[in-house]
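The following exercises concern one protein chain. Each task is followed by a solution that proceeds step by step.

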Amino acid sequence: MNHNRRLSAVIAVSCAIAGVGLVGCEESTKSDSDASATRTTAAPKETADEGAFTGAKKFEIDGRSVNVSCSGAPADNRPVIVLMAGGGDGLEKMAGVQKTLSGKNRVCSYDRLGEGASDQPDGTQTIRSTGKVLTSVIDRVAGERPVVLAGHSLGGLIAARYAPDHRDRVKGLVLMDATSPTQTADLNKGIPESATGPAAELRAQTLAILQGGKPERLMVPDGEVRSAGDIPVEVIQHGKRYLEQVPDYGPDLERAWSNGQRAWRGVSSRSRLSTATESEHYIYVDQPDVAVRAIERVTSQAADRA
């Protein structure tokens, strides 16, 4: 394998296993044709209620501009769905899923600081500080309504860390191949410091991202999974192995990733783990029907408990 092909493989694996974005991540993953066709870049349609706009709108949050997209009409007793993309992805990546869900739900997504059309962060971010931005987004798009958070990769980790401290607002979770709660330890164990070649590059690049690298400059420390009570939760893991690009370490990395998905079940006593058998990391791209059905189930279950 020549250098360019080796580097492409490393970047592709880094995007997947770290659950956070590297430059070139979007180019190394499958494109979503629905997303490009349904980007909500037009001026939003306003109503008397600030949170009831349709389209894309920028809000100032703590002096930074945050890009938000909403679609669909609020339905009686149904929570607002908030989609949370993975690292390196803007909200347009999930536009196809948002469009499908908005047929009978109010659905919003947003670019975290450092992503998409939102401002760059003014320094290193933490799980707590990115959670404060999420709270402000929820306040603007949901008002007093409860929400269901549906997150992919890094977005899933942020959602799962956020929910236990916001039980009054978060009434359901869907975690799509969420970054492992022990990702740094998993990587350090899975690829030793003595590794060379693509595996060494993967290790170094991923650890740099987890320790506050670009694009979000977000510190992603390992931590225990905390409970958000008995809210409905669906954890979906990928079914197609893709880490064999580092063959000496791929099987161990896959096992660690799977263990991380099982660990996320601890976020609720009403959690369910399933496998998207035909998907690699981007479950909502490879099998959008699986993602949509899970989000709709959790939203309906949350509405029934309201």
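**Exercise 1. Determine how strand β4 is paired and how it is covered.**

Step 1. Strands β2 and β4 pair in the antiparallel sense over 4 bridges. Two strands count as paired if DSSP finds at least two bridges between them. Helices (H or I, at least four residues) and strands (E, at least two) are DSSP runs, numbered from the N terminus. Within this pairing, Ser 71 has Val 107 in β4 as its bridge partner.

Step 2. The pairing of β3 with β4 is parallel, over 3 bridges. Here the bridge partner of Val 82 is Cys 108 in β4.

Step 3. Consider the two faces. In a regular strand the side chains alternate between the two faces of the sheet. Val 107 and Ser 109 lie on one side of β4, Cys 108 and Tyr 110 on the other, and all are buried. Buried means under 20% relative accessible area, exposed over 50%, and partly exposed in between (1.4 Å probe, protein chains only).

A note on the source: this is a predicted model, in which local features need pLDDT of at least 70 and side-chain atom pairs count only at pLDDT 80 or more, while totals for chains, interfaces and linings use all residues. Residues are numbered from 1 along each chain as its sequence is written, and side-chain values use heavy atoms, with hydrogens and water left out.

**Exercise 2. Find the disulfide and describe its setting.**

Step 1. A disulfide is a covalent bond between the sulfur atoms of two cysteines. The criterion is a pair of cysteine sulfur atoms within 2.5 Å. A search of the whole structure returns 1 disulfide.

Step 2. The disulfide joins Cys 70 to Cys 108, with an S to S distance of 2.0 Å. Distant parts of the chain are thereby linked: Cys 70 belongs to strand β2 and Cys 108 to strand β4, 38 residues apart.

Step 3. The torsion about the S-S bond of Cys 70 and Cys 108 is about 110 degrees, so the disulfide is right-handed. Cys 70 and Cys 108 are both buried.

**Exercise 3. Place the strands in their sheet, and add the helices that pack on it.**

Step 1. An open sheet is formed by 8 strands in the order β1-β2-β4-β3-β5-β6-β7-β8, with mixed pairing. Strands β1 (55-61) and β8 (270-276) stand at the edges with a single partner strand each, so one side of each has no neighbour in the sheet. Neighbouring strands of this sheet are turned by 20 degrees against each other on average, direction ignored.

Step 2. Strand β5 (residues 147-152) pairs with strand β6 (residues 170-176) in the parallel sense over 6 bridges. Opposite Gly 151 stands Leu 175 in β6, and opposite His 152 stands Met 176 in β6. Of the 7 residues of β6, 6 are buried.

Step 3. Helix α5 (residues 127-142) lies across β1, β2 (64-71), β3 (80-84), β4 (107-110) and β5, and runs at about 130 degrees to β1. Helix α6 (residues 154-162) also packs on the sheet, touching β3, β5 and β6, and its direction makes about 145 degrees with that of β5. Axes are lines fitted to C-alpha atoms, for helices over the stretch in contact, and angles run from 0 to 180 degrees between N-to-C directions. Contact means heavy atoms within 4.5 Å.

**Exercise 4. Examine the length and the buried residues of helix α8.**

Step 1. Helix α8 (residues 197-210) has 14 residues and reaches 20 Å from its first C-alpha to its last, close to the 20 Å expected at 1.5 Å a residue. The expected span is 1.5 Å times one less than the number of residues.

Step 2. The buried residues of α8 include Ala 199, Leu 202, Arg 203 and Thr 206. Seen down the axis of α8, the buried residues fall within an arc of 155 degrees, so they line one face of the helix. The arc is that of the directions from the helix axis to the C-beta atoms.

Step 3. After α8 comes Gly 212, whose phi is positive, near 105 degrees.

**Exercise 5. Which residues does Thr 299 touch, not counting residues up to four places away in sequence?**

Step 1. Thr 299 is located in helix α11 (residues 288-304).

Step 2. With 0% relative accessibility, Thr 299 counts as buried.

Step 3. Thr 299 touches Arg 78, Pro 79, Ile 81, Asn 105 and Val 148.
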